[in-house]
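The following exercises concern one helix and its surroundings. Please study the sequence and the model before reading each solution.

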Amino acid sequence: MKHQLDWSSYETAGQGDAYAGIPASGGDFAKAVAVCINDRLCQRKPKGVMCPSFRATDAPGQSPGGRVLLLKAALNGELGDAPFGDERLAAAMDLCVGCKGCKRECANQVDMAAIKIEYQAQRNLALGTPRRDRLFASLPRLLNHRQILRQLVRLRNRLPLLASLGERWLGISARRRLPEPSPQAYRAPVASNPDGREVILFVDTFARHFDPAIAQAAHTVLTAAGYRVTSLAPSTDDSQPARPLCCGRTYLSLGQVEAARAEASRMHAALRPALEAGIPIVGLEPSCILSLRDDHLKLGLGSDAEKLAKQVYLFEEFIAREHDRKHLQLELKPLPGGKTLVHGHCHQKAVGAMKSLRKVLRLIPDFEFEFIESSCCGMAGSFGLDAEHRDISLQMAELDLLPAVRRAPDASVLANGFSCRHQILEGAGRQAQHVAILLERALA
Ligand code: SF4
Ligand code: SF4
């Protein structure tokens with residue numbers, strides 16, 4: 001089997017006898033699978049917050065450990081000559097939303113989110129990439145024609161017949177509204193504070209085209225804090241210099257590894273001078289930024305990827321870090337209104353990045369907030385938009401997130417993930433905000 005991801009870093013992973021059951025084929029990928037020791041702690045009751053697909057279905061086969069059993073069978077030749085096209089394995093992997101809950105909570109840190117990318121890439125090789133996955137993954141490219149796409153999405157959201165046709169032809173749930181691109185994409189303001197410390201603001205596809213106010217707010221806050229904020233532009237030898245840079249997350253999460261690698265390489269080329277100069281890179285969308293730190297290290301892109309992983313920060317991580325270093329000149333005032341409920345993106349929770357969010361929220365005088373104890377919101381990129389996944393996606397959200405939001409009808413909601421905000425809007429009718437917007441409002 002030719003791996004699509006670079007699994008060599010797994011050579012030393014695992015604890016104790018974790019490698020006792022390494023499958024016969026699959027090399028380093030098999031080792032990553034074999035890290036699971038089948039102690040079934042991920043199926044314990046009362047159910048913790050680890051795996052939303054297990055919690056929503058109550059089926060052991062929909063837990064990380066259950067998935068490993070099928071993956072081992074596939075790699076041991078028990079599912080035939082084309083195991084990645086096997087429907088039993090597909091049934092086990094289908095509801096994994098790639099939330100990394102297992103990487104955080106399983107004692108052996110089974111990284112099923114990364115394993116699913118390899119699985120999906122192998123399945124795409126065996127059976128071809130589904131039309132819907134090609135469409136969703138290529139969103140950053142489609143948004144080059146943003147006005148056409150915007151009109152199409154608006155029409156589809158308003159005409160039930162178009163939504164039904166979209167479900168029949170593409171498998172996109174007619175019972176979901178699709179996010180509509182904003183009328184104008186983000187335009188970077190001219191940098192001020194010429195003598196300030198430089199920081200690069202990486203504006204991802206979602207902030208750029210759907211929520212430009214978030215990127216604008218981040219720019220304003222960082223500028224108010226004394227930084228010289230520059231934007232990330234493609235390198236001059238890029239073959240597509242007019243196209244904004246993208247981390248490749250949409251491709252990677254759907255197993256389109258080559259396309260993700262190409263996007264990541266464009267980013268690395270553009271960032272090389274900044275990486276050499278040690279300039280911090282700050283981003284807004286947790287799945288994009290944390291992908292640069294984690295999954296991108298499995299793209300086999302060498303030292304650029306490693307440098308970037310150490311130099312890229314979530315907006316709130318950067319604010320918290322600079323506050324600790326006493327570099328921050330940010331004057332904040334109390335905000336009107338009552339309590340704010342905070343839903344953390346599952347990847348933020350997986351890497352322990354919620355601490356910085358808590359620290360930043362404490363910078364706002366008298367700010368009352370409460371973290372919602374929840375796992376993945378269930379939207380998980382495009383997962384919750386799929387016709388066959390729409391109901392289970394909402395079931396995942398109903399485990400903790402949506403009931404908590406409904407229990408506090410007067411509270412504001414904060415969620416930094418684009419998909420999380422979409423799920424909260426669809427499931428509870430509440431518009432959640434990004435922390436950059438909150439800080440902008442709190443500027444004195
Ligand atoms: S995934 Fe982790 S918790 Fe679940 S059975 Fe395997 S080792 Fe145990
Ligand atoms: S990544 Fe999330 S959904 Fe997938 S197995 Fe792990 S905990 Fe479950």
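**Exercise 1.** Determine against which helices the buried residues of α3 pack.

*Solution.* Step 1: the buried residues of α3 pack against α1 (27-34), α4 (87-93), α5 (101-105) and α6 (112-127). Helices here are DSSP runs of H or I with at least four residues, numbered from the N terminus. Two residues are in contact if their C-beta atoms, placed from the backbone, lie within 7 Å. Step 2: note the basis of the statement. This is a predicted model, in which local features need pLDDT of at least 70 and side-chain atom pairs count only at pLDDT 80 or more, while totals for chains, interfaces and linings use all residues. Residues are numbered from 1 along each chain as its sequence is written, and chains are lettered from A and ligands numbered from 1 in the order in which they are written.

**Exercise 2.** State how many residues of α3 are buried.

*Solution.* Step 1: a residue is buried if 20 or more other C-beta atoms, placed from the backbone, lie within 10 Å of its own. Step 2: ten of the twelve residues of α3 meet this criterion, among them P64, V68 and L75.

**Exercise 3.** Compare the span of α3 with its expected span.

*Solution.* Step 1: the expected span is 1.5 Å times one less than the number of residues. Step 2: α3 (residues 64-75) reaches 16 Å from its first C-alpha to its last, close to the expected 16 Å. Step 3: just after α3, G77 has a positive phi of about 80 degrees.

**Exercise 4.** Identify what α3 gives to the shell around ligand 1.

*Solution.* α3 gives the most to this shell, with three residues.

Terms used: Helices (H or I, at least four residues) and strands (E, at least two) are DSSP runs, numbered from the N terminus.
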